[in-house]
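Subject: Handing over a structure, with notes

Dear colleague,

I am passing on the structure below, together with what was found in it. Please look through it first and then read the notes that follow.

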Amino acid sequence: MNAVSPTPTKKYDLSFARWVRDNIDGGDRMNMCMQCGVCSGSCPLSDQMDLGPRKIFMMVRAGMKEAVLKSNSFFQCVSCYNCVVRCPREVPVKYILHGLGRLAIQEGYQDKKDVANARFADAFWWSVTTFGKTDERLVPTLYFFSAGFVEGIKKSLANLKIALGMLKTKRMHIGMPHKTKNRGELKAILEKAVEIQARHEGGA
Ligand code: SF4
Ligand code: SF4
């Protein structure tokens, strides 16, 4: 992905549509969209989205950069792939949404601290790269407090009953975090994945 997408000079600026086509993963398939709405109709989270995939694709093609990148739709997606398998035109809907979401944060249209999914992803990534697995105590704790101290306390108290239930049924352990064996191998795989993504986003 080129570092920065074009600054719109008007409400409908087709340079944004061209940039998405050339730089967002799967963006070159967006022209195949026939606006049938199967993706939005199949999405279990569409009622939480302000726009939904079909409208987003129409607006990208119309060059409505600001309106698109301010949408909450990208961050409601739970990667269930319903839209991808059902799209009659094989548009990789989910991948495009995630690319646009990343762009919205990179270019300051959305603040990461307001995006719960992005903060959860950071906590998850930290645990996997540190221990080789998700720690059932540290990931939620990091996530809860990533929205601020007061919010962290509130969320921790709200989930206390669940945590106690998990402890009782041995779904949560006490003591040091568990670590995978051969973490060096996992680390090498993850570093390679990051390198491939960076190369891809650099347009190489
Ligand atoms: S299902 Fe595919 S063709 Fe239909 S609106 Fe969605 S992306 Fe476009
Ligand atoms: S992958 Fe995301 S956008 Fe597609 S149907 Fe699932 S939740 Fe909706």
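What share of the contacts in the chain with a separation of 6 or more comes from residues 24 or more positions apart? Such residues account for 57% of those contacts, where two residues are in contact if their C-beta atoms, placed from the backbone, lie within 7 Å.

Before going further, please keep in mind that this is a predicted model, in which local features need pLDDT of at least 70 and side-chain atom pairs count only at pLDDT 80 or more, whereas totals for chains, interfaces and linings use all residues. Residues are numbered from 1 along each chain as its sequence is written, while chains are lettered from A and ligands numbered from 1 in the order in which they are written.

The overall picture

The chain holds 11 helices and 0 strands, helices being DSSP runs of H or I with at least four residues and strands DSSP runs of E with at least two, numbered from the N terminus. Its C-alpha atoms fill a box of roughly 55 × 35 × 35 Å along the principal axes. The domain assignment, which is of an automatic or database kind, gives domain 1 (14-110) and domain 2 (114-201), and the centres of the two, taken over C-alpha atoms, are 27 Å apart. Of the 204 residues of the chain, 24% count as buried, a term that asks for 20 or more other C-beta atoms within 10 Å of the residue's own, with exposed meaning 12 or fewer, partly exposed lying in between, and C-beta atoms placed from the backbone.

The two ligands

Ligand 1 is surrounded by 15 residues, of which Cys33, Cys36, Val38, Cys39 and Cys87 are the closest; a residue counts as near if its C-beta atom, placed from the backbone, lies within 6 Å of the molecule. Helix H2 (38-42) and helix H3 (53-61) each supply at least two residues of this shell, and H3 gives the most, with 3 residues.

Around ligand 2 there are 14 residues, with Cys43, Cys77, Cys80, Asn82 and Cys83 coming nearest. Here helix H5 (82-86) and helix H6 (93-106) each supply at least two residues, and H6 gives the most, with 3 residues.

As for the character of the shells, the one around ligand 1 divides into 11 nonpolar, 2 polar and 2 charged residues, and the one around ligand 2 into 10 nonpolar, 3 polar and 1 charged. In this division Ala, Val, Leu, Ile, Met, Phe, Trp, Tyr, Cys and Pro count as nonpolar, Asp, Glu, Lys and Arg as charged, and the others, Gly among them, as polar.

The nonpolar core

The largest nonpolar core, a set of buried Ala, Val, Leu, Ile, Met, Phe, Trp, Tyr and Cys residues joined through C-beta atoms within 7 Å, has 28 residues, and Val20, Met30, Val60, Val68, Val93 and Leu100 touch the most other members. Helix H1 (14-23), H3, helix H4 (65-69) and H6 each supply at least two residues of this core, with the largest share, 6 residues, coming from H6. Leaving aside neighbours within four places in sequence, Val68 is in contact with Ile56, Met59, Val60 and Leu100.

Later in the chain

Lys154 has its place in helix H9 (residues 149-158) and is partly exposed, because 13 other C-beta atoms lie within 10 Å. Helix H10 (residues 160-168) is hardly covered, as 0 of its 9 residues are buried, and H10 is followed by Lys170, whose phi is positive, near 60°.

With best wishes
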